[in-house]
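Colleague: Could you take me through the features of this model one at a time, giving the general idea before the particular case?

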Amino acid sequence: MQMTPGPTAVPPRVRDRMSDPMPNPDVEQSFFDTYDEVCEKLKRVYDTDDDVIVMGGEGILGLESAIASTVAPGDEVLCVSNGLYGDGFADFVEDYGGEATVVGADYTDPLDVAGVEAALAEGDYKVATMVHCETPTGTLNDVAPVLELCHDHDVLTVVDAVSSLGGTPVPSEHIDVNLGASQKAFSSPPGLTTVAVSDRAWDVAEERDPRSLYTNLLPWRDTSEQFPYTHLVANVAALDESLSMLLDEGLDVAYDRHETVAAHCRKRGEELGLDLYPDAERSSPTVTAFHLPGEAKAVQSELEEEHDVVLSTGLGDLANDVLRVGHMGYNAQVEKVDRVMDALDTVCSE
Ligand SMILES: *Cc1c(COP(=O)(O)O)cnc(C)c1O
C-alpha cells in the first residue's frame, strides 16, 4: 500500500477513465471540450475567477514556467522560504537571470513575516515566491499575511500549492500565479501541472515575452484553436474524472475529511510516542511528518519489506530524520492511516 505524499494512489474510477478511447488533441473538438471542463472545475477548486491552464508535464514544469514567464533578467525577486521547495525557487530565479533575495526561516519555524516586511520596505521587488505546503517537512504555511504585504507593495506573487490544492483551502486572494499538480491531492497520475494566472500575471508575461516554448505560460493563454504541443489526452481525462469525484463529494466535505484523517494520524503517532515534525499546529492536513532522527530510512525499509506499506522519508538534510505519511486525495481515509500506523506500531516495538 502506497501512502506517500505524492504521487498518490489513483482510484479505480480514474484508472478506468484512462482506458477510454483517446481523441486526437490537435483535431477533435471533444478533447477541447474536456480540457475546458477541467479548467472550469479547477477554477472552483482554486476558488478564483482567474484563468486556469493545464500544462503537459508534472509539477516542476509549473514552478519553472512561473519564474521563466514573470522574471526578466535583472529583476529583484523575494523568495520567502522555510523549506526545500521555498529555497528551490531562488535557484530558478537565478537560472533565469533574476536577483533572488531569500527571506529564510528554519524548517521548524513559520515564514518570517517581519523579515518580509523589512525586505519589501527596502528593496524594489518585482515578484515574490512562497510555498503553501512544504511537503518535505509536512508544514502548512500561513501565506495570507505575506500575500497581503506583497499586495500592499504591488509585488506579483507566485505560490506553490502543489501538495495542498484539493486537500485544504488555498487562499486565492492576492495570488497571481498559483501552482498545482495532478499527482498530489487530486490523486491523478503524474503528468500535469495546473496554473491559475491573474490578468496582471498575464500582462507581466506579455511584457517579459519569454524566449522559451516549454517553460512559457503565454502559449497557454488562448488554447481555443490549438495547444502549444500535443496534449496528454489520457492524463487530462484522468484529471477530469478526479475533479468530478472531488466536486461531487463537495470541497468542504473533502477538506474536512483531510483534517479528520490528519488529526487521526497525529493522534496515532502520539500514542506510539512519535514526535511530530515540526509541530501539530502547522502540520499539514495532507501529509504528516514524524521526527525519527537517524532511523527514518531503516523504518521505511522495514515497513515496505515486512508490511507492504510504502512511505517517504525526508529530503536533503532530513533524509534520514523524517518519516512522512501522505494522506491526500484518495489516500485521505482513516482506515488507510490505521493500516499504516498499525504497521508502524509493530516496527517501532521491535
Ligand atoms: C510534489 C511537489 C512539487 C512538484 O514536484 P514533482 O516533481 O512534480 O513531484 C512541487 N512542489 C511541492 C511543494 C511538491 O510537494
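Colleague: Where in the chain is Pro7 placed, and how should I read the peptide bond that leads into it?

Modeller: Most peptide bonds are trans. Here Pro7 is placed in the segment before α1, and the bond from Gly6 to Pro7 is cis, with omega near -10°. The helix and strand names follow DSSP runs numbered from the N terminus, with helices being H or I runs of at least four residues and strands E runs of at least two. This is a predicted model, in which local features need pLDDT of at least 70 and side-chain atom pairs count only at pLDDT 80 or more, while totals for chains, interfaces and linings use all residues. Residues are numbered from 1 along each chain as its sequence is written, and side-chain values use heavy atoms, with hydrogens and water left out.

Colleague: Which residues does the other cis bond join?

Modeller: A cis peptide bond also joins Tyr277 and Pro278, with omega about -10°, and Pro278 is found in the loop between β10 (275–276) and β11 (287–291).

Colleague: What is the sign of phi at Asp154, positive or negative?

Modeller: Most residues other than glycine have a negative phi. Asp154, however, has a positive value, near 65°, and lies in the loop between α6 (144–152) and β7 (156–160).

Colleague: How many salt bridges does the structure hold?

Modeller: Side chains of opposite charge can pair when their charged atoms come close. With a side-chain nitrogen of Lys or Arg required within 4 Å of a carboxyl oxygen of Asp or Glu, the structure holds 15 salt bridges. One of them is formed by the side chains of Arg13 and Glu241, at 2.7 Å from N to O. Because Arg13 lies in helix α1 (residues 12–17) and Glu241 in helix α8, this pair ties together parts that are 228 residues apart in sequence.

Colleague: How is the chain divided into domains, and what lies between them?

Modeller: By an automatic or database domain assignment, the chain is divided into domain 1 (12–248) and domain 2 (250–349). Their centres, taken over C-alpha atoms, are separated by 26 Å. The contact, meaning heavy atoms within 4.5 Å, takes 28 residues from domain 1 and 24 residues from domain 2. Across the interface the rule finds zero salt bridges, but ten residue pairs, both residues at pLDDT 80 or more, are in polar contact; that term means N or O atoms within 3.5 Å, and within protein one must be able to donate a hydrogen and the other to accept it, while residues adjacent in sequence count only if both atoms are side-chain atoms.

Colleague: Which elements give two or more residues to the side of domain 1 that touches domain 2?

Modeller: Those elements are α2 (29–46), β6 (139–140) and α8 (233–249), and α8 gives the largest share, three residues.

Colleague: Which residues lie around the ligand?

Modeller: Counting a residue when one of its heavy atoms lies within 4 Å, the residues around the ligand include Glu58, Tyr85, Cys133 and Lys184. A backbone N or O atom of Gly59 lies 2.9 Å from a ligand oxygen atom, a polar side-chain atom of Thr135 lies 2.3 Å from an oxygen atom of the ligand, and an N or O atom in the side chain of Asp160 is 2.6 Å from a ligand nitrogen atom.
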